[in-house]
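Here are a few notes to go with the picture. Have a look at the structure, then read the points in order.

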Amino acid sequence: MERWNGHTWEPHGFAANLAEARRILYPDANTAPTPAPPTSQPMAPGTGKHRKPDPPRPPRGPR
C-alpha cells in the first residue's frame, strides 16, 4: 500500500485484501462521528433584507 502525504506517495504497508487495507488506512471509519458542539448563540430573528435588495423606488417629482 502507498499513502499520500500531501506531496508524494509513500510506502505504507502490506495488506492481503481490500478490507484489510481499508482497516489499516482508515482506522476511524468504523467509529461513530462525534457530534458537533452546540453553537454558543442561537441565530436571532431577522427580516432577511441582507439577502435580497430593496425594490427600486419610483422617481421623485420636483418639489
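1. Let's begin with one residue, Pro11, which you'll find in strand S2. Keep in mind that you're looking at a predicted model.

2. Is Pro11 buried or exposed? Pro11 has a relative accessible area of 76%, and exposed means over 50%, so Pro11 counts as exposed.

3. Now for the company that Pro11 keeps. If you skip its neighbours within four places in sequence, Pro11 is in contact with Met1 and Glu2. Met1 sits 10 residues away from Pro11 in sequence, yet their C-alpha atoms are 6.1 Å apart in space.

4. Time to zoom out to the whole chain. You'll find one helix and two strands here, and walking along the sequence gives you the pattern β-β-α.

5. How many of the residues count as buried? Just 3% of the 63 residues in the chain do. As for surface, the chain exposes about 6800 Å², and 58% of that comes from carbon and sulfur atoms.

6. Finally, a word on confidence. The average pLDDT of the chain is 77, with 63% of the residues scoring at least 70. Among the chain's elements, strand S2 (residues 9-11) has the highest mean pLDDT, 91, while strand S1 (residues 2-4) has the lowest, 84. Pro11, our starting point, belongs to strand S2.

Key:
Residues numbered from 1 in each chain as written. Predicted model: local features only at pLDDT ≥ 70, side-chain atom pairs only at ≥ 80, totals over all residues. Heavy atoms only, no water. Helix = DSSP H or I, 4+ residues; strand = E, 2+ residues; numbered from the N terminus. Buried < 20%, exposed > 50% of the residue type's maximum accessible area, 1.4 Å probe, protein only. Areas by Shrake-Rupley, 256 points an atom, 1.4 Å probe, with all protein chains shown as cover. pLDDT = per-residue confidence, 0-100. Contact = heavy atoms within 4.5 Å.
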